[in-house]
2 protein chains.
Amino acid sequence: MLTDTFALKGTICYSISPQELSITPNSYLICSQGKCAGIFPVLPEKYRGIPCKDYKDDLIIPGLTDLHVHAPQYTFRASGMDLELLDWLNTYTFPQEARYEDPEFAKEAYSIFAEDMKKSPNTRACIFGTLHVPATEILMEQLDKTGLKTMVGKVNMDRNGSARLQEESAQTSADATVRWIEDTLNRFENTNPILTPRFTPSCSDELMKKLSEIQKKYHLPMQSHLSENFGEIAWVKELCPNTHFYGEAYSQFDLFGGDCPTIMAHCVHSSDEEIALMKKQGVYIAHCPQSNTNLSSGISPARRYLDEGMQIGLGSDIAGGTSVSILRAMADAIQVSKLYWRLIDSSMKPLTVEEAFYMGTEGGGSFFGKVGNFKDGYEFDAVVLNDSTIPTPLKLSPKNKLERLIYLSDDRNITAKYVAGRKIL
Amino acid sequence: MLTDTFALKGTICYSISPQELSITPNSYLICSQGKCAGIFPVLPEKYRGIPCKDYKDDLIIPGLTDLHVHAPQYTFRASGMDLELLDWLNTYTFPQEARYEDPEFAKEAYSIFAEDMKKSPNTRACIFGTLHVPATEILMEQLDKTGLKTMVGKVNMDRNGSARLQEESAQTSADATVRWIEDTLNRFENTNPILTPRFTPSCSDELMKKLSEIQKKYHLPMQSHLSENFGEIAWVKELCPNTHFYGEAYSQFDLFGGDCPTIMAHCVHSSDEEIALMKKQGVYIAHCPQSNTNLSSGISPARRYLDEGMQIGLGSDIAGGTSVSILRAMADAIQVSKLYWRLIDSSMKPLTVEEAFYMGTEGGGSFFGKVGNFKDGYEFDAVVLNDSTIPTPLKLSPKNKLERLIYLSDDRNITAKYVAGRKIL
């Protein structure tokens, strides 16, 4: 009767709301058939005898979601960080992504990425591949084996790439996309395709039209980039003179939320009109604070998005960002929000630990459904964190322990990881 | 004849100037009697037969200097990061520093700090203790044993502390300082006292006068804080109505560079007049980018200080900052300089990897003499870095390896560490 039911014991920590944490030491977190089934100070009668793993004083938090990460760029993360977005793409990124034409290279590179993702505190991710179908399928195979739940995109780009990194035509790009979807949809246990037009400068109107048709046929979610950097925004304005703001370059093709569940990365310089449309359409914002700093893009107004009740999660944006850990992204988000407050707008209060934690858990996780929380019925994604590598003579509150792990943890602090009830680490 | 002479082999990397690195793979770095004695592609005849340690492809860089760190605050680093400077001091810092009245607590807390400093890529540091003489001597004893070269300060504070963290009078503070200096000057092999008035709000004019006399008598260097945060600056203006800018609160007592070698931490909001005086007096700036972000202080104009040829190094500023690694401080410095360029002044170009590396090595190291470089005659401080925990299928240039280690390294990447010719790790 209670097969597939077990308990974890430890200090259970999750978001009650974006502003408030629930923290209960010495408690039992029940997993039943892959779902959360309650938190109890004492194991209730009906759960007597179920397997229980006691993590003592370790923190048990919901699995984290990386809403925006480029798997092929993991090879050169943290090198060549001296350019702004467009020059960075042309100089470093496109030549490196072109190498994934070679499946052997893809196998080697993606195995490192998949392994490090597995060791991270993340349980879910929305991931860009390259335009190459074989390499993207290799990435999906490797990610599927990790047990992480992921959405992976074969990238579309039929213009402004380079001789070695561009699809021949809108038709070629669309055909390859359909082939890839047919090949991978529902093929894996943990990994599914997500439509991935790279960004407006990479995709002709004709391609966007075709992708919109594909989206409607297969009901795939979508991920792309939006209003990241001034140079990019000015270019989109040139490329799409009929649009009033960048987001319209997607929305004019019905690729901007609504029936097309959509993640837009960055939104650093979104106009009021664009923000209003994102809000109306329920577009997810992938806030990537470290990337926006490294590529000199600026600081995204995460405080505003959060206070307006918009959908917002965190992204590592490898290789604009350098670390896959969404704990690190929480720290980065808090840090840049302080500089936003100090340097841009003193009416925008810095993010709190609670708010950053919410964005890294349920904020992004909800793109996957009931994910990123321990409330009843949520998928059982849990990460166990141990802080013994960060000694202190102080007796710290669980909240302080969490804050320290946000700022200081690395893979050594991840004791265990469960995804949808399955222990993967 | 060639006792105390040995070679390290690897990829030798150091600053030729703030803008240029020398990087030579497969080279021999000679140490003779604790000093650098040349870099050679082939071991010269006269060095045949000396001990040689081959670190293969590992990078060998000069030891790093942390120009500003509060040892007693290491216990609560990365927790309670939700306040600005003055409230943060009163709420978190002063109560914690008060605990060092207990030597047993000091022993336990400082042993963790000393151990982590030893495992870091830093070889030198200028360190704040607390106002307590016994605890500060415990700190000095423990640091001395690590083999790191350090300057440690018993803190002076005779006003605006708290019931539990304040010296009774200027005289009490001065007397304790003299007792401590007499007790520790030249007592240790690796550790020496440095005069440490906490900051102007903590030190009465009378105390400053006495410290100036002590400085003249013992010829000690000095460290303090300057123009970190708007609230602090406004308070100093109130406390010292006779001064035109914060720096004058020190310079009026002859405690601002010149014959008194001085480090001033932060200098985030220094006026033109203050900058001119720092430059004239050769005051060292400890640039603490992460702390200035965490405490919402702002971004220090490191580009300006560097371009004006001023003395500038990097500080972790534990616990305003969270990490003792000056490699991390380099990354932080580059990152905030990009936001400075984007948000404050587009004529101030972001710092390069070369410049951040210079600040973390010779920029700060020169406060200790000929330190932080591998040019002939410099003290032999060397750190060996291995990047095998950060795998990539790419063949990276040594410069790219260095950049990755700046952004991604932790203690696992430190293969070995030498201070003044002695292997300490």
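The dialogue below walks through the chain contact, two sheets and some backbone features of a predicted model.

User: How is the size of an interface usually expressed, and how much area do chain A and chain B bury between them?

Analyst: The size of an interface is often given as the accessible area lost when the parts come together. In this predicted model, chain A and chain B bury about 4,200 Å² between them, and 58% of that area lies on carbon and sulfur atoms. The contact draws 46 residues from chain A and 47 residues from chain B.

User: Which polar features does the rule find across the interface of chain A and chain B, and how many are there?

Analyst: There are 24 residue pairs in polar contact across the interface, counting pairs in which both residues have pLDDT 80 or more. The rule also finds 6 salt bridges between chain A and chain B. One of the salt bridges to inspect is that of B:Glu84 with A:Arg342, where the closest N and O atoms are 2.6 Å apart.

User: Which elements give two or more residues to the side of chain A that touches chain B?

Analyst: They are helices H2 (103–119), H9 (289–294), H11 (326–343) and H13 (398–408) of chain A. H11(A) gives the most, with 8 residues. Sorted by class, this side of chain A has 19 nonpolar, 15 polar and 12 charged residues.

User: Turning to the sheets, in what order do the strands of the 4-stranded open sheet of chain B stand, and is the pairing parallel or mixed?

Analyst: Strands of a sheet pair through backbone hydrogen bonds, either parallel or antiparallel. Here the order is E11-E12-E13-E14 in chain B, and the pairing is parallel. Strand E11 (222–226) and strand E14 (311–314) of chain B are the edge strands, each pairing on one side only, and the twist averages 30° from one strand to the next. To see one pairing in detail, follow strand E13 (residues 284–287) of chain B, which pairs with E14(B) in the parallel sense over 4 bridges; there, B:His287 has B:Leu314 in E14(B) as its bridge partner.

User: Which helix packs on that sheet, touching E13 and E14 of chain B?

Analyst: That is helix H11 (residues 326–343) of chain B, whose direction makes about 115° with that of E14(B).

User: Why is one side of E3 and of E17 in chain B left without a neighbour in the sheet?

Analyst: These strands belong to an open sheet of 7 strands in the order E3-E2-E1-E4-E15-E16-E17 of chain B, with mixed pairing. Strand E3 (35–40) and strand E17 (422–423) of chain B stand at the edges and have a single partner strand each, so one side of each has no neighbour in the sheet. Elsewhere in this sheet, strand E1 (residues 5–17) and strand E4 (residues 52–62) of chain B run parallel and are joined by 5 bridges, with B:Lys9 standing opposite B:Asp54 in E4(B). Helix H13 (residues 398–408) of chain B packs on the sheet, touching E1, E2, E4 and E15 of chain B, and its direction makes about 65° with that of E4(B).

User: Where is a cis peptide bond to be found in chain B, and what is its omega?

Analyst: A cis bond joins B:Ile318 and B:Ala319, with omega about 0°, and B:Ala319 lies in the loop between E14 and H11 of chain B. In chain A, the peptide bond from A:Ile318 to A:Ala319 is cis, with omega near 0°, and A:Ala319 lies in the loop between strand E14 (311–314) and H11 of chain A.

User: What is phi of B:Asn26?

Analyst: Phi of B:Asn26 is near 50°, a positive value in a residue other than glycine, and B:Asn26 is placed in strand E2 of chain B.

Conventions:
Residues are numbered from 1 along each chain as its sequence is written. Chains are lettered from A and ligands numbered from 1 in the order in which they are written. This is a predicted model: local features need pLDDT of at least 70, side-chain atom pairs count only at pLDDT 80 or more; totals for chains, interfaces and linings use all residues. Side-chain values use heavy atoms; hydrogens and water are left out. Contact means heavy atoms within 4.5 Å. Buried area is the accessible area (1.4 Å probe) that two parts lose on being put together, summed over both. A salt bridge is a side-chain nitrogen of Lys or Arg within 4 Å of a carboxyl oxygen of Asp or Glu. A polar contact is a pair of N or O atoms within 3.5 Å; within protein, one must be able to donate a hydrogen and the other to accept it, and residues adjacent in sequence count only if both atoms are side-chain atoms. Ala, Val, Leu, Ile, Met, Phe, Trp, Tyr, Cys and Pro count as nonpolar, Asp, Glu, Lys and Arg as charged, and the others, Gly among them, as polar. Two strands pair if DSSP finds at least two bridges between them. Axes are lines fitted to C-alpha atoms, for helices over the stretch in contact, and angles run from 0 to 180 degrees between N-to-C directions.
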